[in-house]
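Work through the exercises below with the sequence and the model at hand. Each task is followed by a solution in steps.

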Amino acid sequence: GQCQELNSKVELICDGKVQRLPASAQGVIFLNINSFMGGGEMWDQKNDMWWPNDKSTLRSFTCDAADQNCFTPSGQNDGLVEVVAVDSVLHLGRILLGMARPHHITQASSVSVRTATPLPMQVDGEPSYLYQPSSLEIRPIPQPALMLANDPASFPFSQLTRHPLARHLIQMYVRERGF
């Protein structure tokens with residue numbers, strides 16, 4: 001398919017450094033949270049259901065000053081995008097089941113993606129297509145927009161939003177922050 005030999009069709013430049021994709025990669029995923037496709041752990045892998053003692057493909061989260069490939073646990077407010085690669089749809093399914101891990105590429109505050117050929121892509125789950133060689137820039141926004149009332153006890157959820165998921169997320173945020 002179009003995504004075979006992706007490493008020869010896509011150039012990743014993360015924080016000014018060219019990153020190599022594995023030869024087996026057929027997809028690249030850019031994350032700002034440790035979850036993909038409804039709960040697949042893509043970076044931190046806390047639940048190794050099938051291979052609890054196999055840490056051979058995990059990068060260490062402990063670093064020394066000379067380590068060029070040290071990574072930190074993912075965080076939605078850390079200003080970094082986690083970059084991982086996957087080999088196929090079957091690989092994604094195995095990741096969701098805890099039977100495999102993605103290829104950890106890097107963490108970066110800015111990512112440039114340059115494609116040499118037209119390629120399919122998704123943005124937040126929505127299908128799209130790059131009809132010609134393209135260049136994309138990916139950077140996390142420092143602070144997401146969020147509106148909260150000064151007095152959470154009188155927070156007008158129904159007036160602010162009518163979408164049940166948005167109301168639920170705001171309520172969770174308020175509870176989590178202890179307002």
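**Exercise 1.** In which sense do strand 9 and strand 10 pair, and over how many bridges?

The model is predicted: local features need pLDDT of at least 70, side-chain atom pairs count only at pLDDT 80 or more, and totals for chains, interfaces and linings use all residues. Residues are numbered from 1 along each chain as its sequence is written, and side-chain values use heavy atoms, with hydrogens and water left out.

Step 1. Strands are DSSP runs of E with at least two residues, numbered from the N terminus; two of them pair if DSSP finds at least two bridges between them.

Step 2. Strand 9 covers residues 119-123 and strand 10 residues 126-130; they pair in the antiparallel sense over five bridges.

Step 3. Within this pairing, Gln122 stands opposite Pro127 in strand 10.

Step 4. Two residues lie between the strands, which form a hairpin, and Asp124 in the turn has a positive phi of about 50°.

**Exercise 2.** Find the salt bridges and classify the exposure of their residues.

Step 1. Apply the criterion: a side-chain nitrogen of Lys or Arg within 4 Å of a carboxyl oxygen of Asp or Glu. The count is two salt bridges.

Step 2. Glu11 pairs with Arg114, with the closest N and O atoms 3.3 Å apart. This links strand 1 (residues 10-14) to strand 8 (residues 111-115), the two residues being 103 residues apart.

Step 3. Arg139 pairs with Glu137, the closest N and O atoms lying 3.6 Å apart.

Step 4. For relative accessible area, buried means under 20%, exposed over 50%, and partly exposed in between (1.4 Å probe, protein chains only). Glu11 at 33% is therefore partly exposed, as is Arg114 at 39%.

Step 5. Arg139 has 54%, so Arg139 is exposed; Glu137 has 44%, so Glu137 is partly exposed.

Notes
Helices (H or I, at least four residues) and strands (E, at least two) are DSSP runs, numbered from the N terminus.
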